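Let's take a walk through this one together, starting with the empty spaces and ending with the strands. Keep the viewer open as you read.

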Amino acid sequence: MGANQLADYTPQAMDASISIAGIEDAASVIDPVFRNTPQFVCEPLSDRLGVTTILKVETINPIRSFKGRGTDYLLHRLGPQPQGIVCASAGNFGQGMAYAARKRGVRMTVFAALTANPLKVDRMRALGAKVVLEGDDFDDAKDAATRHAAETGAFYVEDGLLGPIAEGAGTVASELERMDERLDACIVPLGNGALVNGMGTWLKRATPAPIVIAVCPAGAPAMEMSWRAGRPVSTPAIDTIADGIAVRVPVPEALEIMRKTVDDVMLVADAEMVQAMRLLYIDAGLVVEPAGAAGIAALAQRRDEFAGKRVAVTLTGGNVTEDQLRKFLY
């Protein structure tokens with residue numbers, strides 16, 4: 001592809017719409033290894049916070065995150081891609097794409113930032129993906145991925161933009177709803193929006209619907225700022241340990257859907273996420289990465305508001321390096 005064509009390149013048109021039927025279909029076809037994850041009231045944590053805290057544990061699977069749900073359903077719907085597939089990732093989405101692509105014999109290229117979590121990079125490569133490190137953050141890597149798609153004809157996948165990714169992620173909510181008692185609220189870490197939009201689409205179909213709260217790092221507030229402004233707001237830089245939800249440039253389509261799926265978006269500091277990691281380790285015996293613990297950090301911040309209520313918190317990932325273990329947990 002020539003220079004002029006590259007300059008004119010835009011990502012392939014993608015349908016961002018999410019449907020209940022799509023979530024129901026995903027629940028029946030995505031790889032069983034990602035389905036029916038543990039969900040339970042954590043009594044020690046509930047006693048500590050004064051809130052009936054239901055943990056939805058998405059860290060016990062081959063890629064240690066919820067991302068395998070949406071990526072497996074996406075590739076199920078997408079079908080063969082002769083030129084391969086390319087995406088950008090902080091690490092967990094790329095692992096999900098690599099796992100689903102390997103299962104189907106599809107060539108997978110993942111662009112990640114030079115600062116990407118080395119554990120996640122190693123796992124993406126171990127799962128068969130070609131990983132290219134480029135740029136200072138996720139959004140720089142995303143720019144590199146779109147250029148690669150223009151040059152090679154690979155199908156470009158953007159997390160937060162394709163509806164099937166969110167529909168696969170929405171199966172988390174369909175499983176939570178099977179619990180005997182109704183939820184008062186659900187707290188979800190917010191990156192590009194696929195998880196909270198999928199879960200919110202499912203949860204908001206019922207009356208009364210639980211409150212849905214999305215959580216961003218204070219050091220990467222673009223999604224929170226955008227949701228409040230009602231339009232995409234980018235930030236010049238990010239500064240957070242929560243790489244899995246560190247967004248600098250929001251996906252406009254995801255923000256539009258969030259107007260119907262999310263009741264509030266809040267910020268948590270890095271120190272709050274570290275404390276949440278420690279509480280999950282002490283009270284539940286779980287090792288959860290900073291982004292995955294953001295929901296517990298948010299619940300601790302708003303414990304008085306939800307005192308005595310039933311709140312589900314999605315623990316979205318558990319890819320923690322040895323250095324992070326020593327620094328944050330020990």
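What volume does the second largest cavity have? About 40 Å³. Keep in mind that what you're looking at is a predicted model.

That second largest cavity is a good place to begin. Its lining includes Ala16, Ile18, Asn197 and Ile257, along with a run you can pick out easily: Gly160, Leu161, Leu162 and Gly163. Helix H8 (163–176) and helix H9 each supply at least two of the lining residues. Sort the lining by class and you get 7 nonpolar and 4 polar residues, with no charged ones.

Now zoom out a little. The structure holds 3 cavities of 30 Å³ or more, and the largest has a volume of about 340 Å³. Of the 28 residues that line the largest cavity, the closest to its centre are Lys67, Asp159, Gly191, Gly244 and Ile245. Two elements give two or more residues to this lining, helix H5 (92–104) and helix H9 (194–203). Helix H9 gives the most, with 3 residues. By class, the lining of the largest cavity splits into 13 nonpolar, 10 polar and 5 charged residues.

Next come the open spaces. The largest pocket has a volume of about 390 Å³. It is lined by 20 residues, and the closest to its centre are Thr115, Ala116, Thr240, Ile241 and Asp243. The lining of this pocket divides into 9 nonpolar, 6 polar and 5 charged residues. Helix H14 (residues 322–329) provides the largest share of that lining, 3 residues.

While you're at helix H14, find Gln324, which sits in that helix. Is Gln324 buried or exposed? The cut-off for buried is under 20% relative accessible area, and Gln324 comes in at 16%, so it counts as buried. Leaving aside neighbours within four places in sequence, Gln324 is in contact with Asn117, Asn319 and Leu329.

Finally, the sheet. It is an open sheet of 6 strands in the order S1-S2-S10-S7-S8-S9, with mixed pairing. Strand S1 (39–41) and strand S9 (264–268) are the edge strands, each pairing on one side only. From one strand to the next, the twist averages 25°. As a reminder, strands of a sheet pair through backbone hydrogen bonds, either parallel or antiparallel. For a parallel example, look at strand S7 (residues 185–189) and strand S8 (residues 211–217), joined by 5 bridges. If you want a spot to centre your view, Ala185 stands opposite Ile211 in S8.

Methods: Residues are numbered from 1 along each chain as its sequence is written. This is a predicted model: local features need pLDDT of at least 70, side-chain atom pairs count only at pLDDT 80 or more; totals for chains, interfaces and linings use all residues. Side-chain values use heavy atoms; hydrogens and water are left out. Two strands pair if DSSP finds at least two bridges between them. Helices (H or I, at least four residues) and strands (E, at least two) are DSSP runs, numbered from the N terminus. Axes are lines fitted to C-alpha atoms, for helices over the stretch in contact, and angles run from 0 to 180 degrees between N-to-C directions. On a 1 Å grid over the protein atoms alone, a cavity is a set of points where a 1.4 Å probe fits but cannot get out, and a pocket is an open set with protein on both sides within 12 Å along at least five of seven lines; lining residues have an atom within 4 Å of a point. Grid points are joined across faces, edges and corners, and a volume is the space filled by probe spheres set on the points. Ala, Val, Leu, Ile, Met, Phe, Trp, Tyr, Cys and Pro count as nonpolar, Asp, Glu, Lys and Arg as charged, and the others, Gly among them, as polar. Buried means under 20% relative accessible area, exposed over 50%, partly exposed in between (1.4 Å probe, protein chains only). Contact means heavy atoms within 4.5 Å.
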